Amino acid sequence: MNQILVSGVLGLFLSLIGTPMLIKLLARKGYGQFIRDDGPKEHHSKRGTPTMGGIAFILATLVAYALTKVITSERPTVSGVLVLFLFTGLGVVGFLDDYIKIVKQRSLGLRAKAKMAGQLIVGIAFAVLSLQFADSRGVTPASTRLSFTQDFGWSLGPVIFVIWALFMILAMSNGVNLTDGLDGLATGASVMVFASYTVIGVWQYGQSCSNVITAGPGCYDVPHPLDLAVVAAALMGACFGFLWWNTSPAKIFMGDTGSLALGGALAGLAICSRTELLLAILGGLFVLITLSVVIQVGSFRLTGKRVFRMAPLQHHFELKGWSEVLVVVRFWIIQGMCMAVGLGLFYAGWVAAQ
């Protein structure tokens, strides 16, 4: 259990001290944020703010996890490494997108097909590998069955599972990307979801089916729940440290480097902890904002009318006159309620199985 505390503290410390170093480096190179002309006018003042800040919390998370293993003399697990692989791999795709936008001065970044190809390659690799490396009980990091608080129903089979995993990865990475429109909004919301997965990992470890003493009705057949909690704690700490510099007025933006990486980490944690459908509730703010874009685009194509003044949803409220800070705080409250409901349902699932 000490691993979780060490991992979280290291992630926080490394991100707190590493982010300002990155800000100075990016500012010196002139790697500033491009701001859309059709967005809220208040955002034009943000033009030129250093972006690609996701580099800071990606490195902080990876170093925190590695140092935790060295300090506690514990070995990395396949589940933990796979989640970090997905997190880092999508971060690399996002970095290439940001780099082309800023350095090559192409406002749309990677071409849509190239960006999708990168996400698919990383996602397929994660999904396929997660069905390998069975433990002594024959349990792999991921399961081919659907899950809410635990696995249920019939096996999807490896092919359909890969498709399902890809859907989750793409949905969450793009959901966080859409949410990352206001200072600190996506970062703060991500902290809450990673905190949830830290709690879930600890609880699953205490009620693991592999523990012959505590195993009973409703036990969790998750191979490495404690290490997933360690990864989640490192992510939580790193995002918390980054939030110090990313909150309004932001000194740095995470860019696609950070948003794609965070979405991948969320999907990876959900898949490996057998809480795939629960993620839609735990990360409810990301789902809500993504739905606002789907509704806006669908309505405009079908009727020629817009439901919102602007999508994603946070910009709708800005155009209604809410200040940026007001939108962020209220959306954080919504995310906090989603987190509470999700954890409540997770615990209720365990109680119902007793």
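**Exercise 1. Determine which residue pairs with Arg137 in a salt bridge, and how accessible each partner is.**

Step 1. In this predicted model, where local features need pLDDT of at least 70, side-chain atom pairs count only at pLDDT 80 or more, and totals for chains, interfaces and linings use all residues, Arg137 forms a salt bridge with Asp135. A salt bridge is a side-chain nitrogen of Lys or Arg within 4 Å of a carboxyl oxygen of Asp or Glu. The closest N and O atoms of the pair are 3.6 Å apart. Residues are numbered from 1 along each chain as its sequence is written, and side-chain values use heavy atoms, with hydrogens and water left out.

Step 2. Buried means under 20% relative accessible area, exposed over 50%, and partly exposed in between (1.4 Å probe, protein chains only). Arg137 is partly exposed because its relative accessible area is 36%. Asp135, at 23%, is also partly exposed.

**Exercise 2. Trace the salt-bridge network that contains Asp256.**

Step 1. The network joins Asp97, Lys101, Lys115 and Asp256 through salt bridges that share partners. The whole structure has eight salt bridges.

Step 2. Lys101 pairs with Asp256, with the closest N and O atoms 3.5 Å apart. Lys101 lies in helix H3 and Asp256 in helix H8, so this pair ties together parts that are 155 residues apart in sequence. Helices here are DSSP runs (H or I, at least four residues; strands are E, at least two), numbered from the N terminus.

Step 3. Lys115 also forms a salt bridge with Asp256, the closest N and O atoms being 2.9 Å apart. This second pair links helix H4 (residues 112-129), which holds Lys115, to helix H8, which holds Asp256, across 141 residues.

Step 4. Asp256 is buried because its relative accessibility is 7%. Lys115 is buried at 17%, while Lys101 is partly exposed at 26%.

**Exercise 3. Describe the length of helix H2, its buried residues and what covers them.**

Step 1. H2 (residues 54-72) has 19 residues and reaches 27 Å from its first C-alpha to its last. The expected value, 1.5 Å times one less than the number of residues, is 27 Å, and the span is close to it.

Step 2. Buried residues of H2 include Phe57, Ile58, Ala60, Thr61, Ala64, Tyr65 and Thr68. An α-helix has 3.6 residues a turn, so residues three or four places apart point the same way.

Step 3. The cover over the buried residues of H2 includes helix H1 (2-29), H3, H7 and helix H8 (255-272). After H2 comes Ser73, with a positive phi near 60°.

**Exercise 4. Place Gly91 and Leu96 of helix H3 in their surroundings.**

Step 1. Gly91 lies in H3 and is buried because its relative accessible area is 3%.

Step 2. Leaving aside neighbours within four places in sequence, Gly91 is in contact (heavy atoms within 4.5 Å) with Ile58, Thr257 and Ala261. Gly91 and Ile71 are 20 residues apart in sequence and 26 Å apart in space, C-alpha to C-alpha.

Step 3. Leu96 is found in H3 (residues 78-102) and is partly exposed, at 42% relative accessibility. With Val92, Phe95 and Tyr99, Leu96 forms a nonpolar surface patch with about 320 Å² of accessible area together. Patches are made of residues with over 30% relative accessible area and no salt bridge; like charges are joined within 9 Å, and nonpolar side chains (Val, Leu, Ile, Met, Phe, Trp, Tyr) within 5 Å. Accessible areas come from the Shrake-Rupley method with a 1.4 Å probe; for residues, only the protein chains shown count as cover.
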